[in-house]
Structures are given as structure tokens and as C-alpha cells.
Amino acid sequence: MPVKIRTIQTAVPATQLAQDEIRDVFASQPNLSRLGERLIATSFNSAAISTRYSCVDEFDLTLPPPERPMFYDRAAGLLLSPSTAERNNVYAKQAGTLFTETAKKALDACEDLAPEDITHVITVSCTGFYNPGPDYQIVRALGLAPSTVRHHLGFMGCYAAFPALRAARDFCLADPNATVLVVCAELCTLHVHSSNDPDTIMGSAIFADGAAAVIVSAKGSGPLQMDGFETVLTPVGEEAMAWNIGDHGFEMVLGTYVPHIIDEHITAALQPLLDKDTDSELSLEKIQHWGLHPGGRAILDRVQNRLGLDDRQLAPARAILDGYGNMSSATVLFVLKEILDSAEADSGDRVCSMAFGPGLTVETGLFTVSRRE
């Protein structure tokens with residue numbers, strides 16, 4: 001019984017950040033050392049990002065500055081340092097809108113589905129907490145049945161869309177009448193702050209805000225059949241990528257050695273996924289499209305070189321990185337949508353997708369394009 005992704009819909013906050021402009025803001029902070037200034041220039045300039053989006057409208061230079069800024073004092077040119085509680089309060093106010101907006105877009109995109117047809121809601125986020133949470137808000141805002149089964153996956157990081165998709169597929173395999181709404185929404189820019197620390201600087205250079213929603217079901221048609229998923233923990237790297245809660249926001253640990261770890265272990269991490277496929281002779285060469293999570297330019301470069309992928313196969317991931325940055329869990333769904341929206345994805349094409357996160361965790365998924373004739 002094939003289970004399909006029926007639609008992928010995305011949304012971003014209104015504030016667009018130009019990479020060179022936000023670089024100059026970070027580079028002008030008075031607490032920086034000379035090394036910190038150089039790291040900011042290098043990290044921002046080499047990120048392969050042109051624009052990103054943020055829920056922090058204080059960074060929107062077209063708007064009047066607020067009387068009491070929380071994140072950015074434009075008059076003084078200073079980045080401020082609100083507490084974790086203050087940042088999370090903003091998350092609680094703004095995340096719900098992004099969750100429900102994207103969820104509604106997904107439901108509206110499936111014209112044969114009514115709100116009462118949704119049986120499960122899975123929400124994903126690692127950038128804030130509140131309860132009743134986004135899963136509850138989606139049920140209320142979209143008029144779903146009060147009996148809708150709800151799950152929230154929190155604080156997993158950039159790979160979390162895959163556990164959500166895997167759970168959605170399992171629900172549909174267990175119950176052919178199930179229809180699952182999955183929504184990932186991340187407000188990463190709530191946690192940026194000025195620092196000389198290389199990990200913090202890298203996070204400020206690449207992370208952004210955005211949301212993506214999918215509907216998964218064994219009923220009806222959809223552009224992407226879900227064939228299988230795998231999880232692999234690399235033998236090393238536990239300390240190289242982490243996500244912690246500090247007094248002044250969440251703190252990213254993103255060691256410079258992460259691309260090297262991925263380079264060394266990516267081939268072995270993919271093998272279990274290929275071995276499980278119904279095509280017993282499936283190989284990397286038979287996969288037409290690659291939905292790679294653009295965790296950063298260096299990661300994409302390493303994966304491309306190690307797997308022997310051509311520029312066309314990396315184009316979707318690089319396009320999302322350039323236009324949106326790294327939106328944590330939502331990003332890989334943006335990339336899959338980019339593949340489906342392209343004229344090159346034909347029925348029967350295989351798609352391999354992957355994302356990386358704390359652990360170091362490698363999540364992979366295999367799909368088949370299923371265009372409606």
C-alpha cells in the first residue's frame with residue numbers, strides 16, 4: 001500500500017534579511033575582537049546565502065524603529081541580548097501564526113480534503129516551547145475534529161522532519177484511512193546574538209526562520225511516494241553539533257569539523273536505506289534527484305564530491321540555501337518542494353533526501369515521484 005505526500009506548502013515571516021546588510025550589523029558591534037570581525041566577514045561572505053527571513057521585524061530597516069527595542073537598537077547600532085524567557089515569549093506569540101498559516105495552505109491545496117478528514121497532527125520545532133502548543137492551535141484554527149491525534153517533536157534539530165514523516169507514514173500503514181498533517185516551523189533568528197565565538201558566529205550567518213507543511217495519506221493522489229526511511233548515528237561527532245539552552249537564548253554548537261565527519265561517513269550512512277528498497281539493485285547512480293538539507297555550503301560541497309553528484313542534482317539545495325538560509329527542520333521540505341516544482345522531476349524518478357543534526361545524526365529518506373497523468 002503506497003503512502004504519499006499529497007502536498008508540500010511553505011511560508012516565511014515578512015522580514016527579509018539581505019546577507020550583506022545583516023553582516024555589517026554584526027561586524028559593527030563594539031564587543032568584537034579583531035579575530036571576531038574576521039570570522040564574521042568570512043562566515044557571512046562564504047555562506048552562499050543572499051537572503052533570509054526573520055520574525056524579528058526590528059531588523060526591517062523599512063519600518064520605524066520601536067520605542068523599546070528588544071533585539072536591535074537601530075539608533076545606537078547595537079545588537080541587544082534579551083533573556084531566554086523574553087525570546088521564548090516572542091516565540092510563543094509568533095510561532096503559532098506561522099504554524100497555522102502553513103497548515104491551512106496544505107489543507108487548502110488538497111481540494112478533496114475537509115478539516116474533519118485530518119486524523120493526526122504532528123508538529124515539529126526546536127526553537128521554542130509553549131503549551132497548549134502548536135498542535136493544539138492547528139486543531140482549533142483549522143476546525144479539525146477535537147478527537148484529532150496530536151504529537152509534537154521538540155528540540156531535535158535540523159533532521160526532525162524525517163522522524164515526523166516516518167511517523168506519519170507508519171500511521172497510514174497501520175490505518176489506511178489515516179490522513180496526517182505534518183508541520184515544521186522554526187524561528188531560529190530569535191536566538192542570534194553578538195559574540196566572538198566561532199560557533200555562534202556561524203549560526204548567526206546561516207540560520208533563518210520558516211515553516212513547511214505536508215499532508216501524508218494512503219488515500220488519494222500525491223506527487224511523492226514515501227518508500228522508506230533510515231536513521232544512522234556516526235561513530236564520532238557527538239560534541240561537534242549540539243543545541244543547548246542558555247541564559248540568553250538557545251546556543252548552537254556547530255564545529256568546523258562537521259563537514260569532515262559527514263564526508264567520511266555519508267556513504268556508509270546511505271547504504272542501509274538503499275539495502276531496504278524493493279529494488280534490490282538500487283544504487284546511487286539510479287537516483288535522479290537529491291533533496292539534501294543545506295546545513296551549510298561546506299556540507300553540500302562535501303556530500304556532492306563524496307557521492308559524485310552533478311551540479312543539477314545539487315541545484316535545489318543550493319537554491320534554498322541562497323534564498324532562505326538554514327531554517328532547521330523545515331529546510332529539507334523546502335528542498336523537496338523545489339524538486340517537485342521543477343520541470344525535471346518525472347513520474348518514476350527516485351529522490352533521495354537527507355538531513356543532519358545533533359548526535360551526529362544522519363536521517364535519510366527515499367521517495368518516488370508520482371505525477372498525476
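Helices and strands are here runs assigned by DSSP, with at least four residues for a helix and at least two for a strand, and they are numbered from the N terminus. With that in hand, the predicted model can be read piece by piece, beginning with one annotated stretch of the chain. An unreviewed UniProt entry lists residues 233–366 as "domain: Chalcone/stilbene synthase C-terminal". In the model, this span is 41% helix and 23% strand, and the C-alpha atoms at its two ends lie 18 Å apart.

The strands come next. Strands of a sheet pair through backbone hydrogen bonds, in either a parallel or an antiparallel manner. In this structure, nine strands build an open sheet with mixed pairing. Read across the sheet, their order is β7-β6-β8-β9-β1-β10-β15-β14-β13. At the edges sit β7 (149–154) and β13 (289–292), each of which pairs on one side only. From one strand to the next, the twist averages 25°.

One pairing within this sheet is worth following by eye. Strand β6, residues 120–125, runs parallel to strand β8, residues 179–187, and five bridges link the pair. At one of these positions, Thr123 has Val183 of β8 as its bridge partner.

A helix also meets the sheet. Helix α10, formed by residues 331–341, lies across β1 (3–11), β8, β9 (209–217), β10 (224–233), β13, β14 (350–357) and β15 (361–369). Its direction makes an angle of about 105° with β1.

Helices can also pack against one another. Two packed helices are described by the angle between their axes and by the distance between those axes. For helix α8 (residues 297–307) and helix α9 (residues 311–324), the angle is about 170° and the axes are 11 Å apart. Angles over 145 degrees count as roughly antiparallel, and α8 and α9 are therefore roughly antiparallel to each other. On the α8 side, the contact is made by Arg297, Leu300, Asp301 and Gln304; on the α9 side, Asp311, Leu314, Ala317, Arg318 and Leu321 take part. Sorted by class, the contact has four nonpolar, one polar and four charged residues.

Finally, a single residue can be picked out. Asp263 belongs to helix α7, which covers residues 258–276. Is Asp263 buried or exposed? Buried means under 20% relative accessible area, so Asp263, at 13% relative accessibility, counts as buried. Leaving aside residues up to four places away in sequence, Asp263 touches Arg302 and Arg306. Asp263 and Ala298 are 35 residues apart in sequence, and their C-alpha atoms are 10.0 Å apart in space.

Key
Residues numbered from 1 in each chain as written. Predicted model: local features only at pLDDT ≥ 70, side-chain atom pairs only at ≥ 80, totals over all residues. Heavy atoms only, no water. Pairing = 2+ DSSP bridges. Axes fitted to C-alpha atoms, helices over the stretch in contact; angles between N-to-C directions. Contact = heavy atoms within 4.5 Å. UniProt positions renumbered as here; feature names shortened; annotations may be inferred. Parallel < 35°, antiparallel > 145°, perpendicular 65-115°, else oblique. Nonpolar A, V, L, I, M, F, W, Y, C, P; charged D, E, K, R; others polar. Buried < 20%, exposed > 50% of the residue type's maximum accessible area, 1.4 Å probe, protein only.
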